[in-house]
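Work through the exercises below with the sequence and the model side by side. Try each task before reading its solution.

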Amino acid sequence: MFNQNNQYNLETSDFEEAFKTANALIDNLSTVIFGANRAVRAAVLACLSGKHILLEDTPGVGKTVLAKTLAASLGADVSRIQGQPDLLPSDITGFNIYRQELGQFEFKPGPIFSQIVLLDELNRTPPRTQSALLETMEEKQVTIDGVTYDLPDPHLIVATQNPISQYGTFPLVESQVDRFGISTSLGYPEFEEEVQLMTSGSSELKTNTIKTIASVEKWKDLRQITANVAVSKKIATYVVKIIAATRNFEGIKLGASPRAGLSLIEVAKAEAIICGRSFVTPDDILNCVEFTLGHRLILEPGTQISDVLKTLIESLPVPL
Amino acid sequence: MAIDTQNKRSGNLKIAKYELTFEQKDILNKSNFRKIIYLIKKANEPLPPENSATLRVLIVIEVILGIYACYTVSEITLLNLISVSAVTIAGNIFSALTRKKPYSWIKIILAVAATSIFLNTLFSIINAATNRNVPSILAPLAALFMWTIAIHSFDVPARRDLTFSLSGSAGLVAIAAAQAIANSFSIIVMCWLIVGIICLNLLWRSQTSNKETAKHAFVNTLSAIIFAAMISFVIVLVLPPPQPLKSITFPSSIQNRVPVSNPGGLTQGGSNPTAPAKAGQPGGKVQVGGYLGFSGPLNTSLRGALSNQIVLRVRATEPGYWLGETFNTWNGQSWTQSPSNIERLTGTPSFYLPFKLLGEPPHLLYGAQQNTETFYVATPLPNLLFGTESPIEIYFPGSHLYLGPGRSIRSRDAMESGTIYTVISRDIRLNPTQLQNVMPSGTPYAFGLPNSELKTDLQLPKPYTRVRLLAEKIVKAAKAKSTYQIVTALESWMGSHMHYSLNIPPLPYHADSVDQFLFVTKTGFCEQISSALVVMLRSLKIPAREAVGYVAGSYDPITNLYQVKASDAHAWVQVWYGPNGGWQDTDPTTVVPYSTPSPGQIILRATANFAKNNIFLILSILVALIFVGTSYLFINKLIKFRRLSFGEKIILKFNKVGSKYDVIYKPNESFLRYMQRLKNIEQISSHPQLISNLDCIGNTFDNLEYNPSVTNDPEKSNFLKNQVLDDIGDLISSFHKLKL
């Protein structure tokens with residue numbers, strides 16, 4: 001059921017289509033990923049809103065599988081970059097090589113030019129390589145030797161990072177973190193779900209047999225429809241209040257940027273689509289706050305992001 | 001909120017305070033009225049709080065010293081002293097505690113208190129003024145001032161407010177000093193001065209946070225005091241010492257001395273001092289002060305169009321009719337005065353009038369009541385001096401006056417506006433019992449007056465048989481014996497048979513005015529009514545005459561003056577009550593009712609009467625209305641009262657249901673989450689119909705609140721609002737059915 005007053009909305013069919021596709025995507029991912037509903041939802045939100053996603057987790061909980069399944073469901077090409085301390089920017093973006101037979105340089109695109117890019121263990125790459133990603137993530141383009149190359153249109157980076165306490169990690173720079181629209185963690189599955197995981201067979205097999213829900217073209221449409229979700233002034237005010245509150249709140253060292261606010265609204269629009277609405281409600285905002293703000297806020301030592309966000313949200317009245 | 005925070009981050013606190021919010025910009029675009037309100041609010045923006053406890057304590061001491069000073073000169077009672085002091089102390093403690101964050105509502109409470117104190121004072125002053133209790137006017141004023149300062153102390157967060165308290169205490173000491181007689185009062189003043197100097201010094205200190213300048217504060221205060229002392233010393237040296245009054249004189253002055261052309265004669269109003277006074281033509285316009293009666297003849301069929309402009313202001317020991325002159329000769333249409341010598345009076349500054357000239361029995365005048373009236377001429381008038389019946393002394397700024405026929409006192413100079421003169425008169429005023437006794441029989445006998453003079457007061461141009469028969473019939477019917485009874489009987493007959501009106505048909509040529517009035521028109525104004533009474537009395541051989549002048553006018557309690565308008569010009573009757581009664585006024589017009597008033601007139605008159613009798617009530621209601629109106633506006637501005645939005649009303653409805661199960665809406669949760677909690681209630685979750693109803697309502701609610709395509713379209717939102725209300729109605733009825 002689509003919560004839209006049918007009598008009055010002319011684009012109902014578009015929104016309803018998007019609602020169905022989004023939920024089909026969630027179902028599809030859930031057949032492969034067990035016990036990580038939040039991560040699945042975050043991945044779909046990222047797809048719909050066009051924001052990059054950052055997964056923070058220990059190895060072996062299914063981050064790669066998530067990225068691959070997503071790509072397979074959307075019929076998009078996927079590439080993978082493994083973060084290493086000696087990874088160079090050109091390993092990501094590509095480089096010019098001299099073709100002797102042609103007598104000229106030819107651009108060899110890097111793995112970033114795929115529609116879905118899995119950036120594994122991002123925080124093991126040195127800051128120099130991380131900063132190479134800044135342009136690609138915000139401008140959706142790559143500049144090499146003064147020539148600018150556009151990235152493919154639906155372009156989604158699924159980055160993972162190991163917990164900061166592990167060996168051989170570089171902390172991600174704030175500007176880098178700010179460019180991820182969504183972050184979440186998969187976490188270990190529940191006992192029952194893990195048993196199901198063990199019995200369901202090889203993940204590779206499942207990824208290969210996953211059915212394609214939508215084409216790349218349809219994915220583009222989905223993002224267009226998501227962008228058209230309505231945001232009332234009340235909601236915008238609410239978001240600004242939340243963002244402003246983070247800048248002066250106990251336990252938060254560095255508050256959220258206006259980009260974080262924009263990002264929150266974009267992701268909330270995707271949430272509205274998933275919930276079957278053509279407009280954003282406070283529930284959407286509340287559901288997306290942790291996804292969009294969780295990784296951006298720099299906390300005082302000894303505080304938990306979920307606790308801080310919970311008290312912050314509870315201190316603000318929902319607009320009526 | 002966002003704007004504030006950003007300003008805070010950039011360290012621009014001051015700009016944040018004065019920068020207009022979107023709402024304020026909106027107001028500035030809207031209307032001048034709101035603009036004014038905004039500017040007032042901005043001007044009243046709170047100043048930084050005053051933190052010096054010493055200063056606060058000293059200022060409380062100053063105020064209480066002021067109050068005590070008032071107490072020592074018995075301006076206030078001991079009870080007042082204690083209560084006002086207690087309120088002041090409590091108020092100062094309160095405002096010291098709340099100085100950093102003063103409550104805005106306190107201003108409203110203080111406004112209410114101040115208004116009620118003011119109203120109380122106003123009414124007690126008006127009361128005292130109406131009773132002519134002059135000393136009791138001052139006491140409420142002192143109390144008003146004191147209470148105002150006392151309640152003001154509840155709202156003194158800043159230094160500026162404290163200076164108001166300090167200057168208020170100076171006012172209190174000044175009030176007390178004006179009344180003080182004892183030398184011991186100077187001790188209080190000394191104490192007040194010393195504490196005041198310390199206060200000034202502290203104020204100066206706290207104003208300059210800079211330590212360097214604070215050091216000079218004492219020097220600055222001291223030099224300011226020395227400067228003020230020197231200035232006052234010089235003023236005392238320069239000003240001549242006050243001279244005590246050598247003799248009592250009453251107010252009298254004249255601004256432009258324009259002598260009239262015919263000394264001793266009557267002239268027209270001041271602007272035309274040379275034209276001799278004469279009665280005008282029918283329908284002719286007259287000057288503001290130019291009542292046609294203030295001339296040689298009085299044509300009774302003319303009154304002229306008299307305006308409501310104030311012609312005279314009178315300060316008098318007692319209100320009365322301000323007599324201009326009398327007439328004794330009647331010719332059927334108009335009154336004239338029998339010729340007599342014009343006496344020239346001399347004397348400066350006051351003129352004494354010999355008793356024998358006044359026409360009253362002199363022995364009566366010796367024991368008569370003495371009244372003093374000061375007349376302030378407001379518009380040019382004929383050169384006629386007014387006064388109650390028998391003036392014995394006149395203060396007039398001129399070398400001489402003339403006493404003409406009909407007791408008319410004429411000035412040598414034209415009566416311009418601004419002329420002031422005082423008349424001291426002796427008035428033989430008898431009460432009804434005395435009047436009854438002085439002339440037990442209606443038969444006149446001349447005693448103490450020259451016969452010839454009384455003869456003129458019985459003069460009639462023709463027999464007037466019809467009138468005499470009528471008068472005799474009336475007297476007989478009333479069984480009247482004494483003069484007083486006869487006068488009363490005739491008056492009451494006129495009251496029941498005649499009508500008062502300013503619009504009467506013109507008098508036919510050669511017709512007799514009195515005859516026409518009594519038997520034909522039966523309607524007339526004061527000149528005809530009074531003439532008719534004179535003629536009737538004369539036909540019964542009772543001496544009577546026509547008098548003209550002004551009625552007392554309306555009393556103004558603030559200035560203590562009677563305001564006499566041009567339309568207050570009047571004609572009445574003087575009756576001879578024998579040597580023991582003299583000439584007594586009687587006014588038949590007062591008993592004659594208005595001719596057939598229209599319903600509109602009745603309503604108007606009743607309303608005017610009601611307003612006159614309940615003036616305090618109406619005033620109070622008006623003041624209260626204005627006060628409530630303005631305070632509503634300000635409360636709206638200050639507290640920003642807001643009507644409940646539609647969503648809030650819906651939530652309140654659900655709260656009623658939810659409160660039974662302790663599921664109350666929290667402002668920080670969304671409506672859908674609240675719905676979820678409602679659905680989780682055990683009794684509700686077992687009914688799938690209710691659950692789907694709740695879902696439906698939740699969805700429509702979200703559309704109504706957050707869907708711009710709905711909120712921007714009144715038609716859509718009204719449709720959905722009705723739908724939600726219907727759904728809620730259904731839901732609540734099903735709750736009742738299920739006994740939830």
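**Exercise 1. A pair in chain A**

With which residue does Glu106(A) form a salt bridge, and how far apart are the closest N and O atoms?

*Solution.* The structure is a predicted model, so every value here is computed from predicted atoms. Begin at Glu106(A) and look for its partner, which is Arg99(A), with the closest N and O atoms 2.8 Å apart. This satisfies the distance criterion, because a salt bridge needs the side-chain nitrogen of Lys or Arg within 4 Å of a carboxyl oxygen of Asp or Glu. Next, consider the surroundings of each partner: Glu106(A) has a relative accessible area of 30% and is partly exposed, and Arg99(A), with a relative accessible area of 26%, is partly exposed as well.

**Exercise 2. A pair within one helix**

Find where Glu266(A) and Lys269(A) lie, and then decide whether each of them is buried or partly exposed.

*Solution.* The first step is to place the residues, and both are found in helix 11 (residues 258–275) of chain A, three residues apart, which is about one turn of the helix. The second step is to examine their side chains, which meet in a salt bridge with an N to O distance of 3.8 Å. The third step is to classify them, for which the cut-off matters, because buried means under 20% relative accessible area and partly exposed lies between that and the limit of over 50% for exposed. Glu266(A), with a relative accessible area of 24%, is therefore partly exposed, whereas Lys269(A), at 11% relative accessibility, is buried. Elsewhere, salt bridges that share partners bring Arg99(A), Glu101(A) and Glu106(A) together in one network.

**Exercise 3. A pair that links distant parts of the chain**

Which parts of chain A are linked by the pair Arg80(A) and Asp120(A)?

*Solution.* Start with the contact itself: the side chains of Arg80(A) and Asp120(A) meet in a salt bridge, 2.6 Å from N to O. Then locate the two residues, for Arg80(A) lies in strand 2 (residues 78–82) and Asp120(A) in strand 5 (residues 116–120), so that the pair, 40 residues apart, links distant parts of the chain. Finally, compare their exposure: Arg80(A) is partly exposed at 41% relative accessibility, while Asp120(A) is buried at 8%. Over all chains, the structure holds 22 salt bridges.

**Exercise 4. Describing the two chains**

How many helices and strands does chain A have, and how many does chain B have?

*Solution.* Take chain A before chain B. Chain A has 13 helices and 11 strands, and 52% of its 320 residues count as buried. Among its contacts between residues at least 6 apart in sequence, 78% join residues at least 24 apart. Chain B has 27 helices and 20 strands, and buried residues make up 43% of its 740 residues. In chain B, residues 24 or more positions apart account for 72% of the contacts with a separation of 6 or more.

**Exercise 5. A surface patch and a loop in chain B**

Which residues make the nonpolar surface patch of about 480 Å²?

*Solution.* The patch is made by Phe218(B), Val219(B), Leu222(B), Ile226(B) and Met230(B). To place one of them, follow Val219(B) to helix 12 (residues 217–238) of chain B. Now turn to Lys462(B), which sits in the loop between helix 15 (451–456) and helix 16 (465–478) of chain B and is partly exposed, with a relative accessible area of 39%. Lys462(B) and Asn331(B) are 131 residues apart in sequence, and their C-alpha atoms are 8.6 Å apart in space.

**Exercise 6. Empty space**

What volume does the largest cavity have, and which residues are closest to the centre of the second largest pocket?

*Solution.* The search of the whole structure finds two cavities of 30 Å³ or more, and the largest cavity has a volume of about 60 Å³. Its lining includes Leu323(B), Glu360(B), Arg407(B) and Trp583(B). The second largest pocket holds about 1,000 Å³ of space. Of the 34 residues that line this pocket, the closest to its centre are Glu56(A), Gly294(A), His295(A), Arg296(A) and Leu297(A). Among the elements that give two or more residues to this lining are strand 1 (52–56) and helix 13 (305–314) of chain A.

Note on methods:
Residues numbered from 1 in each chain as written. Chains lettered and ligands numbered in written order. Predicted model: local features only at pLDDT ≥ 70, side-chain atom pairs only at ≥ 80, totals over all residues. Heavy atoms only, no water. Helix = DSSP H or I, 4+ residues; strand = E, 2+ residues; numbered from the N terminus. Buried < 20%, exposed > 50% of the residue type's maximum accessible area, 1.4 Å probe, protein only. Patch = residues over 30% accessible without salt bridge, like charges linked within 9 Å, V, L, I, M, F, W, Y side chains within 5 Å. Areas by Shrake-Rupley, 256 points an atom, 1.4 Å probe, with all protein chains shown as cover. Contact = heavy atoms within 4.5 Å. 1 Å grid on protein atoms, 1.4 Å probe; cavity = no way out; pocket = protein on both sides within 12 Å on 5 of 7 lines; lining within 4 Å. Points joined across faces, edges and corners; volume = space filled by probe spheres on them.
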